[in-house]
Amino acid sequence: MFRKVSKIAAILLTLGMATLLTQGCHHKWMSHEKRANYIVKKLKSELDLTDAQSASLEKIKDEVLAKRKELKIGGHFVPKEFVEEIRADKLNVDKWNKLGEEKEKKMAAFRVFFTKKATEFHAILTPEQRGKLADLILKFQSKFDKADED
């Protein structure tokens, strides 16, 4: 019994973390497109991108958003299929595992694609811009690190 519960908890935790990582601050943005546009606008101004770099970044953004739609990576914290299983008299662990594995496969495919696009963006930046980008990431992360301090 404990093993089943721990497996279910592990799956839910994995799915939840994957969703959180891809959602970012979902409560603040109406859509992935709006959030992506905000990020691109911020990067253009903060990194002083050239016109060619800006065009490349816009292209990368469009490709990433298209891949999200293609893979049907949803924005729901708990997919509808999981909720329907909760309503049932008995949880179907095999179905939950199958749904979790499908979600993990999509996320893995998206991660590989996103990494490829991040590499393309990295390649068009100057060393100074890369340093600024790293500083921006650290600054953004520090906003969330404060909650973890004791």
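1. Among contacts in the protein between residues at least 6 apart in sequence, 72% join residues at least 24 apart. The model is a predicted one. It contains 6 helices and 0 strands, and the order of elements from the N terminus is α-α-α-α-α-α.

2. Confidence comes next. The mean pLDDT of the protein is 79, and 73% of its residues reach 70 or more. The lowest confidence is in helix H1 (residues 2–23), with a mean of 52, and the highest is in H3, at 92. Where pLDDT is low, the predicted coordinates should not be read in detail.

3. On surface and burial: the accessible surface of the protein comes to about 11,000 Å², and carbon and sulfur atoms account for 60% of that area. Of the 150 residues in the protein, 28% are buried.

4. Helix H5 has 32 residues. Its first and last C-alpha atoms are 46 Å apart, close to the 46 Å expected at 1.5 Å a residue. The N-terminal end of H5 is capped by Asn 92, which has a side-chain oxygen 3.2 Å from the backbone nitrogen of Asp 94.

5. The buried residues of H5 include the aromatic side chains of Trp 96, Phe 110, Phe 113 and Phe 121. Leu 99, Gly 100 and Met 107 are also buried in H5, as are two lysines, Lys 103 and Lys 117. Phe 114, also in helix H5, counts as partly exposed because its relative accessibility is 44%, which lies between the limits of 20% and 50%. The C-alpha atom of Phe 114 is separated by 8.9 Å from that of Lys 67, although the two residues are 47 residues apart along the chain.

6. Trp 96 also appears in a pair with helix H4. Glu 81 is placed in helix H4 (residues 80–87) and counts as partly exposed, at 41% relative accessibility. Glu 81 and Trp 96 are 15 residues apart along the chain, and their C-alpha atoms are separated by 8.4 Å.

7. Helix H6 (residues 127–145) has 19 residues, which should span 27 Å at 1.5 Å a residue; the C-alpha atoms at its ends are 27 Å apart, in agreement with that figure. Gln 129, Leu 133 and Leu 136 are buried in H6. These three cover an arc of only 60 degrees around the axis, so they sit on the same side of H6. An α-helix has 3.6 residues a turn, so residues three or four places apart point the same way.

8. On the face of H6 turned away from its buried side are the exposed residues Pro 127, Glu 128, Asp 135 and Leu 138. The buried residues of H6 pack against three helices: H2 (32–47), H3 (51–71) and H5 (93–124).

9. Gln 53 belongs to helix H3 and is buried, because its relative accessible area is 8%, under the 20% limit. Leaving out residues up to four places away in sequence, Gln 53 touches Asp 48, Ile 124, Leu 125, Thr 126 and Gln 129. One of these, Gln 129, is among the buried residues of H6.

10. Asp 48, another contact of Gln 53, is found in the loop between H2 and H3. Asp 48 is exposed because its relative accessible area is 52%, over the 50% limit. Phi of Asp 48 is near 50 degrees, a positive value in a residue other than glycine.

Conventions:
Residues numbered from 1 in each chain as written. Predicted model: local features only at pLDDT ≥ 70, side-chain atom pairs only at ≥ 80, totals over all residues. Heavy atoms only, no water. Helix = DSSP H or I, 4+ residues; strand = E, 2+ residues; numbered from the N terminus. Expected span 1.5 Å × (residues − 1). Buried < 20%, exposed > 50% of the residue type's maximum accessible area, 1.4 Å probe, protein only. Arc of directions from axis to C-beta. Contact = heavy atoms within 4.5 Å. Areas by Shrake-Rupley, 256 points an atom, 1.4 Å probe, with all protein chains shown as cover. Polar contact = N/O pair within 3.5 Å; in protein donor to acceptor, adjacent residues only side chain to side chain. pLDDT = per-residue confidence, 0-100.
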